[in-house]
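Work through these exercises with the model open beside you. Try each task before reading its solution.

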Amino acid sequence: MGHLKQALIKQTEKANHILHLADIAHKQSKILCCCKRCGLQKTYHGENLSKHFSSKLSIYEIGPKIRCKSCGTKNIASKAI
Ligand SMILES: [Zn+2]
């Protein structure tokens, strides 16, 4: 039984670690996107992003789909804030 419980806790931790756009939109959190080339930072409301992207995307997958307004690269890191 102890083993099963540990496995369940690990599973929950894993699920919590990877946030998806649906989670962010639901909590009305924001996503911080930072350009890896020029350093431009921009925050997006999860709710707005969920209108343009699939809510099944993890927040880490959103960065590369956004184009930097300063230098035009898609080399962007994203994280929840
Ligand atoms: Zn840039």
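## Exercise 1: Overall form

Task: Find how the radius of gyration of the protein chain stands against that of a compact globule of 81 residues.

Solution. This is a predicted model. Start with the rule: a compact globule of 81 residues would have a radius of gyration near 12 Å. The protein chain has 15 Å. Next, take the principal axes: the C-alpha trace spans about 55 × 25 × 20 Å. Finally, look at burial: 17% of the 81 residues are buried.

## Exercise 2: Order of elements

Task: Count the helices and strands, then give their pattern along the sequence.

Solution. The protein chain has four helices and three strands. From start to end, the pattern reads α-α-β-β-α-α-β.

## Exercise 3: The hairpin

Task: Describe how β1 pairs with β2.

Solution. First, the direction: β1 and β2 (residues 41-45) run antiparallel, joined by five bridges. Then pick one bridge: cysteine 33 partners lysine 42 in β2. Last, the turn: five residues lie between the two strands of this hairpin. Glycine 39 sits in that turn, with a positive phi of about 85°.

## Exercise 4: The core

Task: Which elements give two or more residues to the largest nonpolar core?

Solution. List the core: ten residues, including Leu21, Ile24, Ile31, Cys33 and Ile59. Two or more residues come from each of α2 (21-27), β1 (30-35) and α4 (59-62). β1 gives the most, with three residues. Now follow isoleucine 59: among the residues it touches are Leu21, Ile24 and Ile31. Its contacts also include Ser78, Lys79 and Ala80.

Conventions. Residues are numbered from 1 along each chain as its sequence is written. This is a predicted model: local features need pLDDT of at least 70, side-chain atom pairs count only at pLDDT 80 or more; totals for chains, interfaces and linings use all residues. A nonpolar core is a set of buried Ala, Val, Leu, Ile, Met, Phe, Trp, Tyr and Cys residues joined through C-beta atoms within 7 Å. A residue is buried if 20 or more other C-beta atoms lie within 10 Å of its own, exposed if 12 or fewer, and partly exposed in between; C-beta atoms are placed from the backbone. Two residues are in contact if their C-beta atoms, placed from the backbone, lie within 7 Å. Two strands pair if DSSP finds at least two bridges between them. The radius of gyration is taken over C-alpha atoms; the globule rule is 2.2 Å times the number of residues to the power 0.38. Lists of a residue's contacts leave out its neighbours within four places in sequence.
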